[in-house]
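Let's take a walk through some strand pairings. Have the sequence and the model open side by side.

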Amino acid sequence: MTMPGKPAGSLWTEYDPGPDYPDLRSDIRVDVAVVGGGMAGICTAWELVRTGRRVALVESDRIAHGVTGHTTAKLSALQGTAYSRIRKARGAEGARQYAASQQDAVAHVRRLSEELGIDCDLEETAAYTYVTDPARAEDMRREADAARAAGLDVTWVEEAPLPFAVAAAVRLDGQAQFHPRKFLLGLAVDLVRRGGRIFERSRVTGLKEGAPCRLTTSAGHTVEATDVVVATHYPVFDRSLLFTRLEPKREVVVAGPLPAEGVVPNGMFLTEEENTRSFRTAPHDGYGRMLIVTGEKFTPGDPKDQGAAAHFQVLTRWAGKHFENFTVTHRWATQDNFSTDHVPYVGRLRPGAHHTYVATGFGGWGLSGGVMAGQLLTGLIAGTPSPWAELYDPVRLHPLTEGPGILRLGAKTARHWVGDRLPGGHADSVDDIGPGEGAVLRGRGAGPEAVHRDTNGALHRLSARCTHLGCIVHFDEAERAWECPCHGSRFGVDGSVLQGPAVHPLEPRDPDDGA
């Protein structure tokens, strides 16, 4: 399938990689260790170092390069139809606290950018949630009512500054869009200036809670810390069964320059119609204003899904239909985790934990959520809890509102655990695998194999069992990756971990053991 644009990474990751921070090469002792170098991790480490604590941030790859580096980079307290859902799941007060925390996060990024002199292309703009189907206009009115009751100064409108008509929309002024990598690299420089330490290309594979806590890396080095924060998007350590309450979803993104003579969308826009469409524009050297469009939610590694390539094609056609003379020059994909009650999990890692914390489940809004998490976790560690700490507490469980979601996710995982091991849905032999393709083979005795044939014809054989909890991975040709449909782990064709919760690579297979 012909793919639009170049798969060279996102607009944000094209930016100067920044300082090359060292990997961890010896055992160290600090006050707080933060695992994960995305928005939540860097913001948390920066907030903590301001309290005078010795802080080390440990990232498995490059900071601000993973999920954070592949977003549409919106900072908004208006988040689709979040307030209708949160009010139903957590009540009116929960919705008010959520709105206050998200709006505070938007303002905090603006303050930090000004105070630290970080040039991150920050632009104040309005956020819109819209529908084009008149039959859904009432949904927008309900969301406007819910958001207004939560404390947001929203308006219900029947027009939006777009080159196509909308039936209704909710508008919130005073929100922001920015370049997340520029912002975080600036924050990281200030973190180090204040005495913090950053280690890249250091994968944490073990956590022992105690006094002190102890982290272990894949290279065998240790970090001892009084407190540990796990901010790895999907928790690589799950002591409160969050995997039963988190649903990974992947989306594709296309971007390209807008013609100068065309209509440039003035704002940030989102509709939940057509399997989600979310878009904004951004300045980009040599291109003028770039349009960035994301959507097409799907479960990574789902063997019944049409695959990322097909989703890229659908999204490209949609963008070309709605924006005249739009041409895709860039494409990438991103991944989000959704909680069962529509509120992220930020706080204690498990019941009874006093020194281990987690931040996850941001449901596509991890930039404002990550900023909020940094402040909330710092308050917990410093003994000054945030007023919305209870709202986000990961140990919470509301059976009436979360129960159906937990049961659905459990059934989904069970279907993959059992169904993906049954006959059917697999290639019969390596002869069925063409150049650039991958497939799961039954194998002989050693279990199913994940086999990829590269463009030169060479075969790469791995165990098809995800090293997280053992589900069977499936190949995505567009991204040349093995993906787990149960909890979203992703692996390279060499078996290396691209995305957690897995921390160990897929095991290599000897050709003599396979099909």
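## Strands 1 and 2

V35 sits opposite V58 in strand 2. Strand 1 (residues 28-35) and strand 2 run parallel and are joined by 4 bridges. Two strands count as paired here if DSSP finds at least two bridges between them. Strands (E, at least two residues) and helices (H or I, at least four) are DSSP runs, numbered from the N terminus.

Between these strands comes helix 1 (residues 39-49), and the three elements make a right-handed β-α-β unit. Right-handed means that, with the strands pointing away from you, the path from the first strand over the helix to the second goes clockwise.

A caution before going on: this is a predicted model, where local features need pLDDT of at least 70, side-chain atom pairs count only at pLDDT 80 or more, and totals for chains, interfaces and linings use all residues. Residues are numbered from 1 along each chain as its sequence is written, and side-chain values use heavy atoms, leaving out hydrogens and water.

## Strand 2 and its other partner

Which way do the side chains of strand 2 (residues 55-58) point? V55 and L57 go one way, A56 and V58 the other, and all are buried (under 20% relative accessible area with a 1.4 Å probe, protein chains only).

Strand 2 also pairs with strand 7 (residues 197-199), in the parallel sense and over 3 bridges. There, L57 has I198 as its bridge partner.

## The four-strand sheet

Further along, 4 strands form an open sheet in the order 21-22-23-24, with antiparallel pairing. Strand 21 (474-476) and strand 24 (497-499) are the edges, each pairing on one side only.

Strand 23 (residues 490-491) runs antiparallel to strand 24, and 2 bridges join them. For R490, the bridge partner in strand 24 is Q499.

Technical notes. Buried means under 20% relative accessible area, exposed over 50%, partly exposed in between (1.4 Å probe, protein chains only).
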